[in-house]
Amino acid sequence: MDIDVRGPRFGAAVTTVVLAVVLVTGSAWLLAWQTLAFALGAAGGVGRSPYGWVFRKAVRPRIGPPTEFEAPEPPRFAQAVGLVFAGLGLVGFALGPDWLGLAATGAALAAAFLNAVFGYCLGCEMYLLVRRLTVRAG
């Protein structure tokens with residue numbers, strides 16, 4: 001079943017704010033929260049993440065029914081990519097080196113920002129590229 005394209009963009013906007021605050025404060029706890037949000041989105045799809053729940057319950061009823069849809073697999077893959085970067089950032093902030101926390105969190109922030117502002121999902125594009133390559137190889 002396809003998903004409302006506005007849901008992942010809303011999640012990316014919230015993620016952008018969370019990761020920006022992490023970079024400013026260096027808060028490993030806040031990054032742990034974001035890592036959990038990515039893990040839930042990767043495991044159950046973006047609708048099962050905390051931001052997906054907020055979108056479904058509080059945002060979508062106020063903005064009306066969707067007019068555009070997308071397949072759920074690319075955004076779910078993007079959540080897994082975000083999980084990897086947030087996990088690396090968490091290791092860097094919690095255990096060191098600090099540059100790892102900053103670099104990994106900064107990369108995740110850049111990807112979230114591109115999705116939130118321009119609707120360009122890097123993780124989704126990675127998913128499509130992997131699919132194309134595996135179809136050709138198989």
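**Group meeting: helices, a pocket and a disulfide**

Let's start with helix α1. At 1.5 Å a residue, its 20 residues should span 28 Å, and its end C-alpha atoms are 29 Å apart, which agrees. The expected span here is 1.5 Å times one less than the number of residues. Helices (H or I, at least four residues) and strands (E, at least two) are DSSP runs, numbered from the N terminus.

Some ground rules. This is a predicted model, where local features need pLDDT of at least 70, side-chain atom pairs count only at pLDDT 80 or more, and totals for chains, interfaces and linings use all residues. Residues are numbered from 1 along each chain as its sequence is written, and side-chain values use heavy atoms, with hydrogens and water left out.

Back to α1. Which residues of α1 are buried? They are Gly7, Pro8, Gly11, Ala12, Thr15, Thr16, Val18, Leu19 and Val22. Buried means under 20% relative accessible area, exposed means over 50%, and partly exposed is in between (1.4 Å probe, protein chains only). Now think about spacing. An α-helix has 3.6 residues a turn, so residues three or four places apart point the same way. What covers the buried residues of α1? The cover includes β1, α2, α3, β2 (69-70), α4 and α5. After α1 comes Gly26, with a positive phi near 70°.

Next, α4. This helix has 23 residues, which at 1.5 Å each should span 33 Å; its end C-alpha atoms are 33 Å apart, in agreement. Its buried residues are Pro74, Pro75, Ala78, Gln79, Val81, Gly82, Ala86, Gly89, Gly92 and Phe93. Among the elements covering them are β1, α1, α2, β2, α5 and α6.

Look at the end of α4. Gly96 sits just after α4 and takes a positive phi of about 95°. Gly96 is also joined to Pro97 by a cis peptide bond, with omega about -5°. Pro97 is in the loop between α4 and α5. For background, most residues other than glycine have a negative phi, and most peptide bonds are trans.

Thr35 takes us from α4 to α2. Thr35 lies in helix α2. Is Thr35 buried or exposed? Thr35 counts as buried, because its relative accessibility is 12%. Leaving aside neighbours within four places in sequence, Thr35 is in contact (heavy atoms within 4.5 Å) with Leu83, Ala86, Gly87 and Leu90.

On to α5. Asp98 lies in this helix. Asp98 counts as exposed, at 53% relative accessibility. Asp98 and Trp33 are 65 residues apart in sequence and 18 Å apart in space, C-alpha to C-alpha. Asn115 lies in α5 too. Asn115 is buried, because its relative accessible area is 12%. Not counting residues up to four places away in sequence, Asn115 touches Pro8, Arg9, Ala12, Tyr120 and Cys121.

That brings up the cysteines. A disulfide is a pair of cysteine sulfur atoms within 2.5 Å. How many disulfides does the rule give? The count comes to one. It joins Cys121 to Cys124, S to S 2.4 Å. The link of Cys121 and Cys124 is right-handed, with 70° about the S-S bond. Cys121 is buried at 13% relative accessibility. Cys124 is buried as well, at 9%.

Now the start of the chain. Asp2 is in the segment before β1. Asp2 is partly exposed, with a relative accessible area of 46%. Aside from neighbours within four places in sequence, Asp2 contacts Phe69, Glu70, Ala71 and Pro72. Asp2 and Leu36 are 34 residues apart along the chain, and their C-alpha atoms are separated by 24 Å.

Last, the largest pocket. Rolling a probe the size of a water molecule over the atoms shows where empty space is left. On a 1 Å grid over the protein atoms alone, a pocket is an open set of points where a 1.4 Å probe fits, with protein on both sides within 12 Å along at least five of seven lines; lining residues have an atom within 4 Å of a point. How much space lies in the largest pocket? About 1,000 Å³. Volume is the space filled by probe spheres set on the points, with grid points joined across faces, edges and corners.

The lining has 46 residues, and Ile3, Pro8, Val46, Pro75 and Gln79 lie nearest the centre. Elements giving two or more residues to this lining are β1 (3-4), α1 (6-25), α2 (28-44), α3 (50-63), α4 (73-95), α5 (98-118) and α6 (122-137). α4 gives the most, with eight residues. By class, the lining has 23 nonpolar, 14 polar and nine charged residues. Here Ala, Val, Leu, Ile, Met, Phe, Trp, Tyr, Cys and Pro count as nonpolar, Asp, Glu, Lys and Arg as charged, and the others, Gly among them, as polar.
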